[in-house]
Amino acid sequence: MNAPARTATRAAGTRTPLVDGIEKVTGRARFTADLAGDAAVARILRSPVAHGVIRRIDTTAAEALPGVLAVVTGADCAHPFGVLPIAMNEYPMARDRVRYRGEPVAAVAAVDAATAARALKAIELQIDPLPAYFTATEARAPDAVLLHDDKPGNVEREVHHVFGDPDAGLAEADLVRTATFTCAEINHAQMEPHAAVAEWVPGREELIFHSVTQVPFYTHKHLARCLEMDPAKIRLVKPFVGGGFGSRTETLNFEIIAGLLARRTGGRVALVLSREETLISHRGRPETEVTLALGMRADGRLTACKAEVVMRGGAYAGYGIVTILYAGALLHGLYDLPNIRYDGYRVYANLPPCGAMRGHGTVDVRHAFETLVDRMAHELDLDPFTVRRANLLEAPLFTPNGLMVNSYGLPDCLDRVEAASGWKERRGKLGPGRGLGMACSHYVSGAAKPVHWTGEPHAVVALRLDFDGAVTALTGAPEIGQGSSTMVAISVADTLGIDVGRVRVVCGDSATVPKDNGAYSSRITFMVGNAAIGAARNLRTELAQAAAAKLEADPADIDCAGEVFSVRGSAQSQLTWAEVVAAALAVDGPITVKGSFTTPEKAQGGGHRGGAVGSTMGFSYAAQVVEATVDVDLGRITVDRVWVALDCGFAINPLAVEGQIEGSVWMGMGQALMEETRYAEGLPLHASLLEYRVPTIADSPPIEVHIVESVDPLGPFGAKEAGEGALSGFPPALAAAVADAIGLDMDALPLSPDRVLEALVAKRRAAQRAKRREDA
């Protein structure tokens with residue numbers, strides 16, 4: 001299948017500025033906190049201990065303070081919430097027991113911030129401490145107190161999957177190696193702190209709710225559940241969002257707290273969290289230990305994989321079940337590897353809950369896999385590119401665990417970055433302390449099954465055409481900075497043959513737009529893009545009929561390009577967009593159509609337990625080369641340059657695709673070099689972006705992006721996801737570059753200066769011991 005032709009009159013494939021860019025760069029964009037106005041100020045009282053039984057919460061003194069409008073506690077919400085229907089075990093505010101330091105136990109609304117602060121101090125709280133566990137090993141100890149009584153061993157979920165014959169595969173290998181890798185817990189560190197503005201409408205008993213959410217539908221659903229409201233009485237609006245990266249892909253406690261306070265006050269309440277509170281709300285990537293065994297033949301062909309993965313998931317379920325399943329599912333789909341055993345354990349601990357983060361579930365395991373492959377290639381004196389090419393898939397196919405692969409651009413990605421980086425000419429010749437490393441990665445283009453299965457289409461887009469000649473696209477898909485609204489505009493414009501500027505995209509208001517499942521698992525381009533094209537085709541059919549009537553032609557012969565309708569094969573018979581719109585509206589007035597998308601059943605994964613996780617309509621594929629310099633005296637790693645190629649099927653908007661790839665590389669660099677949450681007896685030590693370091697522009701290297709277009713047969717215009725596939729390749733590529741530069745293999749992320757120095761010292765001491773043994 002060939003990529004759609006790029007022409008001057010086509011919108012798809014053209015570099016297009018984001019449709020909401022002007023508002024953002026001029027400061028006119030209004031984010032949730034900007035909407036607070038004269039709303040009451042809400043604040044949360046948080047647990048000072050990591051684990052304990054709540055004996056007493058007395059709010060009497062706080063409620064009596066002048067200016068205090070409402071106080072709520074866990075007693076005000078009897079329903080747990082959670083992104084997965086089978087794993088809802090968290091309350092907006094703790095009931096009976098607290099399970100991490102910083103967990104909400106009460107909240108207040110007051111006339112101003114000072115009064116709210118006084119009210120929090122006036123609440124009397126008594127908690128009897130219980131033993132607290134801050135590592136997966138401690139939590140799994142035989143005598144450990146259970147965080148949740150229904151989860152023996154403090155294991156939220158364990159997964160055991162076997163495909164093929166891993167033991168036989170390892171037995172036939174020429175080289176078998178086992179290694180254990182540890183990846184630190186990290187946070188999304190999105191630019192905008194969490195916030196919600198809730199307004200209760202007395203008389204109508206309605207709730208108007210503004211939030212930073214990535215999943216308006218799920219947040220709407222949980223507000224209705226926890227507040228015991230008719231969903232029709234809730235209007236949820238998503239304003240501009242300053243980043244998410246997965247931190248907002250589930251309903252969060254502060255959102256439900258804001259709703260409870262608004263109802264109690266009978267007015268507007270603004271709950272704006274500090275950076276410290278946002279970090280405590282967390283939902284980041286869990287600390288993960290990966291023990292991996294791989295078998296490899298002398299020619300580089302992989303024969304088998306055994307992986308044991310232990311994740312420290314924090315105090316509540318959240319996305320935990322999905323995360324631990326993703327980690328095993330996406331061992332498949334990148335290489336031809338028929339023999340895989342996966343054992344995964346998601347463990348509770350007395351820390352803020354982890355959740356979904358960009359590259360959800362795959363990054364740490366992919367780092368371990370690619371790093372061990374690289375080491376084995378070195379041991380067999382094979383080029384890393386040669387090893388990857390020895391294990392390529394041949395699409396179309398289904399993987400052993402039932403994942404569908406229809407398009408596979410990894411071979412082209414490898415060719416692009418190998419040539420662009422000068423790999424063959426430069427590797428091993430850069431001088432002391434400088435090295436090159438490479439790795440591959442992939443990711444899903446949307447989860448084939450939603451977490452709340454309703455039987456409805458996965459995506460719906462409605463279009464409206466009226467007297468002004470503009471096409472209004474209504475979508476529930478939340479624009480959070482990734483360019484989804486621009487993608488919808490391009491998809492509609494290209495299908496109709498009109499200018500992108502004629503399409504107005506309205507998203508994120510439950511009162512006006514169709515339901516959408518949200519921005520997660522890179523689903524929007526594939527699902528919403530297909531729905532937008534479907535809606536535009538339906539509108540084009542009506543317009544073609546109107547044009548055909550005026551031109552006395554068959555509707556099937558009507559074309560529209562550059563906003564001019566014509567009869568195919570005739571240069572004389574033409575009508576303008578305005579003329580055809582007027583003719584169409586004369587029939588029945590304003591035109592409203594819709595399009596939808598539902599994932600094919602064959603894309604919904606294998607029949608084994610948990611087989612739906614990892615299933616998708618198409619995978620993106622990436623290869624990258626990293627060049628780095630290591631200062632062995634300071635332990636500091638500098639990333640000098642990155643070459644990255646990503647197969648996104650077809651770049652609907654190459655400008656946005658390049659930005660998404662660069663962002664993936666940048667976030668991978670943060671995890672690889674510096675990002676790490678730290679706790680002291682459960683107390684977060686990363687209270688701000690001073691303590692929680694992320695790369696700045698000073699750390700950011702030149703990133704050379706190559707777009708590969710394999711054209712997926714099911715994707716909109718052949719497109720697949722572009723925002724996550726490149727992320728998980730960066731950490732192992734950097735680790736390989738460090739090994740190439742100074743001969744140091746490291747098993748822990750991040751590769752921070754202290755870890756590098758410790759590893760160098762350990763390596764020198766090991767060499768000294770070996771020398772003494774030789775001399776003896």
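Below are some short exercises with worked solutions on a predicted model.

**Exercise 1: Sorting salt-bridge partners**

Task: For the salt bridge between Arg341 and Asp343, find how far apart the closest N and O atoms are, then decide whether each partner is buried, partly exposed or exposed.

Solution:
- Step 1. Start with the contact. The closest N and O atoms of Arg341 and Asp343 are 2.9 Å apart. A salt bridge needs a side-chain nitrogen of Lys or Arg within 4 Å of a carboxyl oxygen of Asp or Glu, so this pair counts.
- Step 2. Turn to Arg341. Its relative accessibility is 34%, so Arg341 counts as partly exposed.
- Step 3. Finish with Asp343. Its relative accessibility is 10%, so Asp343 counts as buried.

If you wonder what brings such partners together, here is the general idea: side chains of opposite charge can pair when their charged atoms come close.

**Exercise 2: Two more pairs**

Task: Describe the salt bridges Arg464 with Asp466 and Asp516 with Arg523, and say where each partner sits, buried or partly exposed.

Solution:
- Step 1. Arg464 and Asp466 form a salt bridge in which the closest N and O atoms are 2.7 Å apart.
- Step 2. Arg464 has 37% relative accessibility and is therefore partly exposed. Asp466 has a relative accessible area of 13%, so Asp466 is buried.
- Step 3. Now the second pair: the side chains of Asp516 and Arg523 also meet in a salt bridge, with 2.7 Å from N to O.
- Step 4. Asp516 is buried because its relative accessibility is 3%. Arg523 is buried because its relative accessibility is 2%.
- Step 5. Salt bridges can also share partners. Arg366, Glu370, Asp374 and Arg388 are joined into one network in this way.
- Step 6. For the wider picture, a search of the whole structure gives 46 salt bridges.

**Exercise 3: A charged patch**

Task: Name the residues of the positive surface patch, and place Arg773 in its element.

Solution:
- Step 1. The positive surface patch consists of Arg765, Arg769, Arg772 and Arg773.
- Step 2. Arg773 belongs to helix 19, which covers residues 753-775.
- Step 3. Check the surface. With 59% relative accessibility, Arg773 lies over the 50% cut-off, so Arg773 counts as exposed.

**Exercise 4: Looking for disulfides**

Task: How many disulfides does a search of the whole structure find, and how far is Cys354 from the nearest cysteine sulfur?

Solution:
- Step 1. The search of the whole structure finds zero disulfides.
- Step 2. For Cys354, the nearest cysteine sulfur is that of Cys183, 13 Å away. A disulfide needs sulfur atoms within 2.5 Å, so this pair does not qualify.
- Step 3. Add the surroundings. Cys354 is buried, because its relative accessible area is 0%. Cys507 counts as partly exposed, because its relative accessibility is 22%.

**Exercise 5: Backbone details**

Task: Find where the cis peptide bonds at Pro396 and Pro750 are placed, and describe the positive phi angles of Glu205 and Ser522.

Solution:
- Step 1. The bond from Ala395 to Pro396 is cis, with omega near 0°. Pro396 sits in the loop between helix 11 (384-389) and strand 16 (397-398).
- Step 2. Leu749 and Pro750 are also joined by a cis peptide bond, with omega about 0°. The loop that holds Pro750 runs between strand 31 (748-749) and helix 19.
- Step 3. Glu205 is not a glycine, yet its phi is positive, about 55°. Glu205 is in the loop between strand 9 (195-201) and strand 10 (206-211), and it is partly exposed because its relative accessibility is 41%.
- Step 4. Ser522 is not a glycine either, and has a positive phi of about 50°. Its loop lies between strand 21 (503-507) and helix 15 (524-551). With a relative accessible area of 18%, Ser522 is buried.

**Exercise 6: Sequence and space**

Task: What separation in sequence and in space do you find for Phe31 with His210, and for Leu302 with Thr219?

Solution:
- Step 1. Phe31 and His210 are 179 residues apart along the chain, and their C-alpha atoms are separated by 9.4 Å. Phe31 is in the loop between helix 1 (21-26) and strand 1 (40-46).
- Step 2. Leu302 and Thr219 are 83 residues apart in sequence, with 44 Å between their C-alpha atoms. Leu302 is part of strand 14 (residues 302-314).

Notes:
Residues are numbered from 1 along each chain as its sequence is written. This is a predicted model: local features need pLDDT of at least 70, side-chain atom pairs count only at pLDDT 80 or more; totals for chains, interfaces and linings use all residues. Side-chain values use heavy atoms; hydrogens and water are left out. Patches are made of residues with over 30% relative accessible area and no salt bridge: like charges are joined within 9 Å, nonpolar side chains (Val, Leu, Ile, Met, Phe, Trp, Tyr) within 5 Å. Accessible areas come from the Shrake-Rupley method with a 1.4 Å probe; for residues, only the protein chains shown count as cover. Lys and Arg count as positive and Asp and Glu as negative; His and the chain ends are not counted. The place of a charge is taken as NZ of Lys, CZ of Arg, CG of Asp or CD of Glu. Helices (H or I, at least four residues) and strands (E, at least two) are DSSP runs, numbered from the N terminus. Buried means under 20% relative accessible area, exposed over 50%, partly exposed in between (1.4 Å probe, protein chains only).
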